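I opened the notebook on this entry to look up how its parts meet and where its backbone departs from the usual.

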There are 2 protein chains.
Amino acid sequence: MKIALDAMGSDNFPHPDVEGAVAAARAYGDEVILIGDEKIVGPVLEDQKPGNLPVRLIHAPEMLSMEEKGLALALKAKQKEPKTSMAIGVDLVKDGKADAFVTMGNTGAAAAIAFFRLGMLQGIERPALAPVFPTRKGFCVVLDIGINPDIRPQNLVEFALMGSMYAESVRGVSHPRVALLSNGEETGKGNFLVREATPLLQASSLNFIGNVEPKEVYAGAADVVVTDGFSGNIFLKSSEAVAKLITDTIKEKILSAPPWVQLGGLLVKPAMADVRKLMNPSEEGAAPLLGVDGLVFIGHGRSDAQAVQSAVRVASQAARAGMQELIRREVARHGSGSDPNSGKG
Amino acid sequence: MKIALDAMGSDNFPHPDVEGAVAAARAYGDEVILIGDEKIVGPVLEDQKPGNLPVRLIHAPEMLSMEEKGLALALKAKQKEPKTSMAIGVDLVKDGKADAFVTMGNTGAAAAIAFFRLGMLQGIERPALAPVFPTRKGFCVVLDIGINPDIRPQNLVEFALMGSMYAESVRGVSHPRVALLSNGEETGKGNFLVREATPLLQASSLNFIGNVEPKEVYAGAADVVVTDGFSGNIFLKSSEAVAKLITDTIKEKILSAPPWVQLGGLLVKPAMADVRKLMNPSEEGAAPLLGVDGLVFIGHGRSDAQAVQSAVRVASQAARAGMQELIRREVARHGSGSDPNSGKG
């Protein structure tokens with residue numbers, strides 16, 4: 001597989017991005033096409049001694065910062081002759097020169113560029129970012145976690161369909177259990193959006209199991225959880241914030257405690273490291289931006305080389321599984337994700 | 001102050017409820033009126049040897065279970081002659097025979113009963129449950145966390161006003177900083193509701209500081225955070241779920257580790273207990289149901305006697321501070337929480 005990778009993406013670019021690219025090429029044999037400013041990226045790539053590894057660099061004279069937004073972003077996203085590393089990377093996918101594009105950069109910018117340059121899959125109205133969350137039993141795909149703060153009930157059916165295909169084709173979950181994130185398990189709980197989406201999901205051919213609360217998500221009750229981008233973002237960020245609050249507080253309490261507690265702290269360090277790993281979404285590399293007409297994966301800005309390598313792996317798996325084609329076929333089979341009358345199977 | 005307390009509220013009723021009532025009467029000298037089935041509650045109260053403490057029991061032949069909902073609940077809520085402990089307790093407040101009602105029972109049932117029997121404060125359209133969250137710097141009042149999954153932008157102004165008066169009069173925060181829970185800090189981020197509420201809050205006399213993400217809530221950036229009951233519930237329950245996932249995982253990792261790690265676990269136990277305390281909302285006792293025309297506090301079903309005692313304390317503080325009257329006056333001063341044209345001050 002050929003994976004295009006934004007060399008200017010992560011907060012500490014280009015080091016994590018370039019090191020992750022070279023490590024991925026070495027580990028999986030995928031061709032990695034780095035895109036970035038050759039003056040900045042070139043020397044770092046040389047340092048990695050890629051030798052005969054299938055890694056090459058395409059020059060991009062511009063980059064998109066974390067602050068980019070609004071009209072300025074839209075204009076850059078739409079520029080005819082792509083100049084930013086993101087636009088050049090996305091165009092490689094559009095032109096069939098790469099199987100997927102991966103970036104650790106500004107999520108909003110990446111989504112806007114993918115949306116403008118690739119367009120949407122037929123029958124899908126809204127794109128959704130679909131990261132993987134850790135659970136007591138394994139993992140769960142949650143979408144959307146931030147692209148669309150305001151959606152219609154039908155969009156949740158599209159999300160459910162795309163999330164299921166991702167869980168099945170890339171993550172190996174057969175007949176994934178799909179649930180709606182809600183403020184109560186019982187049918188009838190939820191806001192307007194959840195209540196209206198329920199009969200649409202019940203009428204679909206998906207393995208819809210009803211509502212789940214956050215604790216059921218973490219207990220592993222569902223494989224795919226759908227929600228609007230506002231609530232999904234609150235879910236993601238509350239989880240991250242509490243995880244950080246707890247681990248920071250434990251550290252502080254131990255450091256300010258008597259020596260024997262500090263000794264205890266040293267002894268439990270390996271256990272704590274496992275917990276941090278569990279709560280660190282960047283372990284999963286990157287999340288697919290589902291719904292756009294081309295494979296795009298977006299990771300955390302604070303990704304390290306390991307996370308970048310994982311992201312390349314996941315993108316390559318999705319490409320190999322033909323995920324886009326599977327989603328396209330499934331949408332066609334459903335009539336359209338937006339058609340509530342498509343009926344069972 | 002006279003506090004009416006549902007003796008049939010907590011999951012393990014009546015023990016935590018009755019023990020908490022007696023402990024509160026002993027500690028604060030408030031009169032506590034227990035309401036519950038005298039055959040069940042009477043003997044437990046006797047066991048507590050209340051002696052001359054100002055604790056008495058009013059018989060209630062019925063109770064509301066955690067499963068009560070829909071029409072059956074509405075009918076019970078509206079019954080002319082109150083029979084359930086919740087309805088009798090709320091009526092004591094309505095009739096001026098108690099200054100506040102406290103229950104650890106079914107939140108939805110308590111809210112419905114308070115709404116039907118007390119009605120709303122003039123100028124407030126929706127009630128909101130307003131618990132206190134722990135932060136790095138102290139605490140933050142968050143509302144609504146579950147009563148209203150679907151609201152209008154104006155309702156967020158009402159919530160902000162009521163939350164500010166609660167933080168100020170009961171929690172002692174002067175000029176509380178009010179923020180909107182959102183998926184990004186910048187103005188313009190948020191869903192439709194957040195974006196529409198922003199100018200209304202800016203035009204109010206409240207100390208509005210803009211949007212906050214969950215991590216800023218926990219960092220202590222705001223004193224009052226307003227949100228719809230759906231997102232607020234996701235915020236609350238994600239936080240609880242992650243806290244539980246992490247503490248459970250730490251425990252498991254330590255128990256399954258080599259002996260020296262287990263020893264370390266024993267040594268850090270006091271630090272971990274502090275963390276659990278921080279993450280346990282029931283430490284705060286109960287949350288006010290703001291907006292109904294009478295003081296009602298609702299606590300966790302899993303409350304212990306300590307939590308019940310704290311709940312009585314907080315309810316008594318609110319009564320002593322004249323919180324309802326302060327909110328009433330503030331709403332009148334604003335014209336109405338629902339009037340976007342009320343202007344500054």
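How many Å separate the centres of domain 1 of chain A and domain 2 of chain A, taken over C-alpha atoms? I get 24 Å. I keep in mind that this is a predicted model.

**Domains of chain A**

I took the bounds from the domain assignment, which puts 1-124 and 291-345 of chain A in domain 1 and 128-281 in domain 2. For the contact between the two, I listed 23 residues from domain 1 of chain A and 18 residues from domain 2 of chain A. On the domain 1 side, the elements giving two or more residues are helix 5 (107-118), helix 12 (305-321) and helix 13 (323-333) of chain A. Helix 13 of chain A has the largest share of that side, with five residues. By residue class, I noted 11 nonpolar, 10 polar and two charged on the domain 1 side.

**Chain A against chain B**

I then turned to the contact between the chains, to which chain A gives 46 residues and chain B gives 46 residues. On the side of chain A that touches chain B, I found two or more residues from each of helix 8 (214-219), helix 9 (229-255), helix 10 (259-267) and helix 11 (269-278) of chain A. Which helix of chain A gives the largest share of that side? I wrote down helix 9 of chain A, with 18 residues. The side of chain A that touches chain B divides into 28 nonpolar, 11 polar and seven charged residues.

**Backbone**

I checked peptide bonds and phi next, since most peptide bonds are trans and most residues other than glycine have a negative phi.

In chain A, I found a cis peptide bond between A:Leu143 and A:Asp144, with omega about 0°. A:Asp144 sits in the loop between strand 7 (139-143) and helix 6 (153-169) of chain A. In chain B, a cis peptide bond joins B:Leu143 and B:Asp144, with omega about -5°. I placed B:Asp144 in the loop between strand 7 (139-143) and helix 6 (153-169) of chain B.

For phi, I noted A:Lys49, which is not a glycine yet has a positive value of about 45°. A:Lys49 is in the loop between helix 2 (38-47) and strand 3 (55-59) of chain A. Is A:Lys49 buried or exposed? I counted 8 other C-beta atoms within 10 Å, so A:Lys49 is exposed.

B:His175 also went on the page, with a positive phi near 50°. I located B:His175 in the loop between helix 6 and strand 8 (177-181) of chain B. B:His175 counts as exposed because it has 11 C-beta neighbours inside 10 Å, and the limit for exposed is 12 or fewer.

Conventions: Residues numbered from 1 in each chain as written. Chains lettered and ligands numbered in written order. Predicted model: local features only at pLDDT ≥ 70, side-chain atom pairs only at ≥ 80, totals over all residues. Contact = placed C-beta atoms within 7 Å. Helix = DSSP H or I, 4+ residues; strand = E, 2+ residues; numbered from the N terminus. Nonpolar A, V, L, I, M, F, W, Y, C, P; charged D, E, K, R; others polar. Buried ≥ 20, exposed ≤ 12 C-beta atoms within 10 Å, placed from the backbone. Domains from an automatic or database assignment.
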